[in-house]
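Colleague: Please take a close look at the protein surface that faces the DNA, and then at what lies behind that surface. State each cut-off once as you go.

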There are 2 protein chains.
Amino acid sequence: MEKDTEQQILEAARKIFQKQGFAGARMQEIADAAGINKSMLHYYFRSKDKLFQKIFQEGVSRFFPLIMRVLNADKTLEEKITVLVQEYLDFLRVNRQLPHFVIHEMNQHPKRFREFMDEKDMEIPSSFVEQVLEAVHKGRIQPVTPAQLLVNIISLCVFPFLAQNMVMAVMQMDEEQFDEFIEHRHKELPTFILNAIRTS
Amino acid sequence: MEKDTEQQILEAARKIFQKQGFAGARMQEIADAAGINKSMLHYYFRSKDKLFQKIFQEGVSRFFPLIMRVLNADKTLEEKITVLVQEYLDFLRVNRQLPHFVIHEMNQHPKRFREFMDEKDMEIPSSFVEQVLEAVHKGRIQPVTPAQLLVNIISLCVFPFLAQNMVMAVMQMDEEQFDEFIEHRHKELPTFILNAIRTS
DNA sequence: GTCTATATAACGATAGAC
DNA sequence: GTCTATCGTTATATAGAC
């Protein structure tokens, strides 16, 4: 065996669940992808549901830390926006299926998701909130709530990956051109956002 | 019978497929939702796959016309942006499940989707493209490609609905507060975007 | 721990009576 | 057109040998 069997299974489950979702995934496919017998899945994780929970919670957990870290960092508001966009786009570039997986399954099991999130009580880092409120108060940026600004930033980063096939179809792109499209956002998106909120 | 049986089925299929996706939907559920026998589904549509195609193509077809109509209208660039945001948010407000459904199934069947889109050869309306290029050339707006600008607009409109449960969890909102959150975007998003591209 | 074989239930789809 | 009954297949899950 190259690796621990449990790890082999988790890797395979990640791959299949992320691509096909819970309802579309077959235990047999996961077993094949892991190169092991189907029975082993149940031996290690008891049920499809339990195996899925592991993968889903792991996925959700990977979605937010980068955002929280940057918004908590010792930076100016403008620096945080710039760094967040750049680092998050880099993250999404190597985790292209993650947003779609998390959003799809979150919408299939909203309650379960809400409970999981409430346990981990994620909140918008207060230092970011205060920076926005202060900048607005001093008239340095347009009046915007921290929540709206953050949702705008994440929307602009994540949506193009969710809608990749749509963008490629409408804009008549191939995969290479789409990568260039994202590369371009890497450079221009921070400016776009900073312009949107500047008052001067 | 209140309505035509075929229509009853299509309504039920719309509801179930949009909520649970192709893989998660059960023919029995659709039959129950339509208040008819399971056999009738096959009598009218032959197979689950054929029934799904109808619903999916109908869904895709509803996603774009509003965008195209506004971008083609006899308006200035600034008016188009403002009207597009407002009308599209209104459309999404009463079609909340549509973006998630279309994006999910598009990602499950990229080829089938691409072929369908290529048939209908949707393109960005040339009048919008020319307006952006000219405004950039004259220095009236920041240098931005029509494609990037359009993706930014659609991202800012659609993503919050896709991520509704995520936003509600992180921001500790209930449904009512989320509706207010969207209502707020209705007012502020056009300004946000116009600010982002203005040069003056 | 890992395999084969199988239990059990659900699914899509069809046949045939009315 | 609409129903009941059922076919054939596939899914998750388990039992039991090794």
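**The surface facing the DNA**

Modeller: In the side chain of B:Lys38, an N or O atom sits 3.2 Å from a base nitrogen of DNA strand C. The model is predicted, with local features requiring pLDDT of at least 70 and side-chain atom pairs pLDDT 80 or more, while totals for chains, interfaces and linings use all residues. Residues are numbered from 1 along each chain as its sequence is written, chains are lettered from A and ligands numbered from 1 in the order written, and side-chain values use heavy atoms, without hydrogens or water.

B:Ser39 also faces a base of DNA strand C, with a polar side-chain atom 3.3 Å from a base oxygen. For B:His42 the partner is a phosphate oxygen of that strand, 3.2 Å from a polar side-chain atom. A polar contact here is a pair of N or O atoms within 3.5 Å; within protein, one must be able to donate a hydrogen and the other to accept it, and residues adjacent in sequence count only if both atoms are side-chain atoms.

DNA strand C is surrounded by 15 residues, the closest being A:Asn37, A:Ser39, A:Met40, A:Tyr44 and B:Lys48. Of the strand C atoms that come within 4 Å of the protein, 64% belong to sugar and phosphate. A residue is near a strand or molecule if one of its heavy atoms lies within 4 Å of it. Both α3 (38-45) of chain A and α3 (38-45) of chain B supply at least two residues of this surface, and α3(A) gives the largest share, 4 residues. Helices (H or I, at least four residues) and strands (E, at least two) are DSSP runs numbered from the N terminus. By class, the surface near DNA strand C has 5 nonpolar, 6 polar and 4 charged residues. Nonpolar covers Ala, Val, Leu, Ile, Met, Phe, Trp, Tyr, Cys and Pro, charged covers Asp, Glu, Lys and Arg, and the others, Gly among them, are polar.

On to DNA strand D, which 15 residues surround; A:Lys38, A:Lys48, B:Asn37, B:Ser39 and B:Tyr44 are the closest. Sugar and phosphate make up 64% of the strand D atoms within 4 Å of the protein. Phosphate oxygens of strand D are reached by a polar backbone atom of A:Lys48 at 2.6 Å, by a polar backbone atom of A:Met27 at 3.1 Å, and by an N or O atom in the side chain of B:Asn37 at 3.1 Å. The elements giving two or more residues to the surface near DNA strand D are α3 of chain A and α3 of chain B. The largest share, 4 residues, comes from α3(B). This surface divides into 5 nonpolar, 6 polar and 4 charged residues.

Behind the surface, α3 of chain B is among the elements that cover the buried residues of α2(B), together with α1 (5-24) and α4 of chain B. Those buried residues of α2 (residues 27-34) are B:Met27, B:Ile30, B:Ala31 and B:Ala34. They cover an arc of only 100° around the axis, so they sit on the same side of α2(B). The arc is taken over the directions from the helix axis to the C-beta atoms. Buried means under 20% relative accessible area, exposed over 50%, and partly exposed in between, with a 1.4 Å probe and protein chains only. Just after α2(B), B:Gly35 has a positive phi of about 70°.

Helix α8 (residues 110-119) of chain B has the buried residues B:Phe113, B:Phe116 and B:Met117. These fall within an arc of 95° seen down the axis, so they line one face of α8(B). They pack against α4 (48-63) and α7 (98-108) of chain B and against α11 (164-170) of chain A; contact means heavy atoms within 4.5 Å. Turned away from that buried side are the exposed residues B:Lys111, B:Glu115 and B:Glu119.

In α11 of chain A lies A:Gln164, which counts as buried because its relative accessibility is 13%. Leaving out residues up to four places away in sequence, A:Gln164 touches A:Arg96, A:Glu175 and A:Phe178.
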